[in-house]
Amino acid sequence: MNQEENPLLQMSLQELWQLFPINLTPHNPLWKEWYEEEHSFLLKQLPSNEIIRLNHIGSTAVEGIQAKPIVDMLLEVKKDSSFQKLKEVILQSGYLCMNETNDRISFNKGYTVNGFAERVFHLHLRYEGDNDELYFR
């Protein structure tokens, strides 16, 4: 299914909020393992010569605190990288585009028409140096 055919994109904000509520949960030690597996998967998909780093960020990266059960990742790429080419690779890797500007794209994976999958990811694509989220991990 491509981005345009996804039924989630046809839902109202109210329907999306009901299907994907924000809940805090106790820390899950599996989040680190899920990040490491997704990290390896993404690095196999993406052009290695454009990647600066891929980090686990956000509350699931901090042991011992409650968090939204969504593994956040920050992908920094070289300043001359083509966001559109990277976007296509990420979409082909099972992600959906959530938001896009000239210098930032946010993706998600694990959002289904039945609600959250067991493993849910947010991937933030940024140019090198646009990494304030690293301070919270």
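User: Before we start, what does "buried" mean here?
Analyst: Quick heads-up: this is a predicted model. Each residue gets a relative accessible area, and the cut-off for calling a residue buried is under 20%.

User: Is Thr 60 buried or exposed?
Analyst: Let's place Thr 60 before judging it: this residue sits in the loop between strand S1 (51-57) and S2. Its relative accessibility is 2%. Buried means under 20%, so Thr 60 counts as buried.

User: Which side chain makes a polar contact with the side chain of Thr 60?
Analyst: Thr 60 has plenty of company, touching residues that include His 27, Trp 31 and Asp 72, not counting residues up to four places away in sequence. For the polar contact, look at the side chains, where the pair is 2.9 Å apart. The partner is His 56.

User: How many of the seven residues of S1 are buried?
Analyst: S1 doesn't stand alone, as it pairs with S2 in the antiparallel sense over six bridges. In that pairing, Arg 53 stands opposite Glu 76 in S2. S1 is largely enclosed by the rest of the structure, because the number of its seven residues that are buried is five.

User: In which sense do S2 and S5 pair, parallel or antiparallel?
Analyst: Strand S2 covers residues 71-77 and strand S5 covers residues 115-127. One spot to look at is Val 71, which stands opposite Phe 121 in S5. Over seven bridges, the sense of the S2 and S5 pairing is parallel.

User: And through how many residues does a hairpin join S4 to S5?
Analyst: Strand S4 (residues 104-112) pairs with S5 in the antiparallel sense over eight bridges. Thr 112 has Gly 115 in S5 as its bridge partner. The hairpin that joins S4 to S5 goes through this many residues: two.

User: What kind of aromatic pair do Tyr 111 and Phe 116 form?
Analyst: A pair of aromatic rings is described by the distance of the centres and the angle of the planes. The count for this model comes to four aromatic pairs. For Tyr 111 and Phe 116, the centres are 5.1 Å apart and the planes are at 75°. Planes over 60 degrees apart earn a particular label, so this pair is edge-to-face.

User: Which of these two, Tyr 111 or Phe 116, is buried?
Analyst: Phe 116 has 33% relative accessibility, so Phe 116 counts as partly exposed. The other ring has a relative accessible area of 18%. Since the cut-off for buried is under 20%, the buried residue is Tyr 111.

User: Which residue forms one aromatic cluster with Tyr 111 and Phe 116?
Analyst: Let's look at the largest pocket, which has a volume of about 630 Å³. Of the 25 residues lining this pocket, the closest to its centre include Tyr 111, Phe 116 and Phe 20. The residue that joins Tyr 111 and Phe 116 in one aromatic cluster is Phe 20.

User: Which element gives the most to the lining of the largest pocket?
Analyst: Elements giving two or more residues to the lining include helix H1 (13-19), helix H2 (30-45) and strand S3 (96-100). The top contributor gives five residues, and that element is S5.

User: What separation do the C-alpha atoms of Leu 30 and Arg 119 have?
Analyst: Leu 30 lies in helix H2, and its 36% relative accessibility makes it partly exposed. Leu 30 and Arg 119 are 89 residues apart along the chain. In the model, their C-alpha atoms are separated by 9.7 Å.

Technical notes
Residues numbered from 1 in each chain as written. Predicted model: local features only at pLDDT ≥ 70, side-chain atom pairs only at ≥ 80, totals over all residues. Heavy atoms only, no water. Phe/Tyr/Trp six-rings, centres within 6.5 Å; stacked < 30°, edge-to-face > 60°. Buried < 20%, exposed > 50% of the residue type's maximum accessible area, 1.4 Å probe, protein only. Pairing = 2+ DSSP bridges. Helix = DSSP H or I, 4+ residues; strand = E, 2+ residues; numbered from the N terminus. Polar contact = N/O pair within 3.5 Å; in protein donor to acceptor, adjacent residues only side chain to side chain. Contact = heavy atoms within 4.5 Å. 1 Å grid on protein atoms, 1.4 Å probe; cavity = no way out; pocket = protein on both sides within 12 Å on 5 of 7 lines; lining within 4 Å. Points joined across faces, edges and corners; volume = space filled by probe spheres on them.
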